[in-house]
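Dear colleague,

I am passing the structure below on to you, together with some notes on its interior and its pockets. Please keep it open beside this message as you read.

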Amino acid sequence: DRFEAWSFPGPGRAGRNMFQIRIHGRGGQGVVTAAELLSVAAFREGRHAQAFPSFGSERMGAPVMAFCRLDDKEIRLREPVLEPDALIVQDATLLHQVDLFTGLHQDGYILLNSMRSFEELGLSELTGSFRRSRLCTVHATEIAIKHVGRAVPNVPLLGGFAAITGQVRLESVVAAIREKFPHAVAEKNVAAAAEAFEIVAKLRETADA
């Protein structure tokens, strides 16, 4: 496995604890970029952030994981995220190949790239004890194709992550995107992130009602 970390030491904000994210996807879906963008977004809000990948294989289509930690204070941990507060699943086919939900506690968040509901995906028994407002499926691939012209769901899912968790603001995700990509590509990704944010925010409002 390759281990590499990006750490962004911001000044921190009081009253917030470490929040750990594990991102699952496949090679070519931008899993590592998603973790990096998320950490940059948090850094821009004055938090400490860390992101790093763990590859079982780097070949196209192979399962890939990346990790991200957000905190008010310096992050000294360097091991993989074993007990995530949130899961971002970029490819629903991994549901049948990888034990995605290991370590996730029942007040955690799950954001899944799919046009199907958790029930339709056969996950009712697994997610039945979770808070409904912390579970969301969004067809991030379709959103990416619509705006970016490529089936890369990572950026739309970051917009969805901002909406469902509140850990980062959409504005910070947008700033991280614009910092990462050339202008024309960035603006397409910004539109994708914004649409996913709106969809997930509405779904969460419905779940909370």
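**Cores, pockets and one buried valine**

In this predicted model, the largest nonpolar core has 44 residues, and the ones that touch the most other members are Ile21, Leu70, Phe161 and Val168. Helix α1, which spans residues 31-44, gives this core its largest share, namely eight residues. A second core, separate from that one, is made up of 15 residues, among them Leu87, Leu100, Leu112 and Phe118.

To return to Val168, its contacts, when residues up to four places away in sequence are not counted, are Leu38, Ala41, Ala42, Glu45, Leu70, Phe161, Ala162 and Val173. Leu70 and Phe161, which appear in that list of contacts, are also named with Val168 as residues that touch the most other members of the largest core.

Turning to the pockets, the largest holds about 280 Å³ of space. Its lining consists of 19 residues, and those nearest the centre are Arg132, Leu135, Cys136, Thr137 and Leu203. Two elements, β7 (135-138) and α6 (183-208), give two or more residues to this lining, with α6 providing the largest share, five residues. Sorted by class, the lining of the largest pocket comprises nine nonpolar, six polar and four charged residues.

The second largest pocket has a volume of about 180 Å³, and of the 13 residues that line it, Arg150, Val152, Asn154, Phe181 and Asn189 lie nearest its centre. At least two lining residues come from each of α3, α4 and α6, and by class the lining of this second pocket divides into six nonpolar, six polar and one charged.

Val152, one of the residues nearest the centre of the second largest pocket, may be worth a closer look on your screen. You will find Val152 in the loop that runs between α3 (140-148) and α4 (154-165). Is Val152 buried or exposed? Its relative accessible area is 15%, and because buried means under 20%, Val152 counts as buried. Once neighbours within four places in sequence are left aside, Val152 is in contact with Gly28, Gln29, Gly30 and Ala144. As for Gln29, it stands 123 residues from Val152 in sequence, yet the C-alpha atoms of the two are 5.0 Å apart in space.

With best wishes

Key
Residues are numbered from 1 along each chain as its sequence is written. This is a predicted model: local features need pLDDT of at least 70, side-chain atom pairs count only at pLDDT 80 or more; totals for chains, interfaces and linings use all residues. Side-chain values use heavy atoms; hydrogens and water are left out. Helices (H or I, at least four residues) and strands (E, at least two) are DSSP runs, numbered from the N terminus. Buried means under 20% relative accessible area, exposed over 50%, partly exposed in between (1.4 Å probe, protein chains only). Contact means heavy atoms within 4.5 Å. A nonpolar core is a set of buried Ala, Val, Leu, Ile, Met, Phe, Trp, Tyr and Cys residues joined through side-chain atoms within 4.5 Å. On a 1 Å grid over the protein atoms alone, a cavity is a set of points where a 1.4 Å probe fits but cannot get out, and a pocket is an open set with protein on both sides within 12 Å along at least five of seven lines; lining residues have an atom within 4 Å of a point. Grid points are joined across faces, edges and corners, and a volume is the space filled by probe spheres set on the points. Ala, Val, Leu, Ile, Met, Phe, Trp, Tyr, Cys and Pro count as nonpolar, Asp, Glu, Lys and Arg as charged, and the others, Gly among them, as polar.
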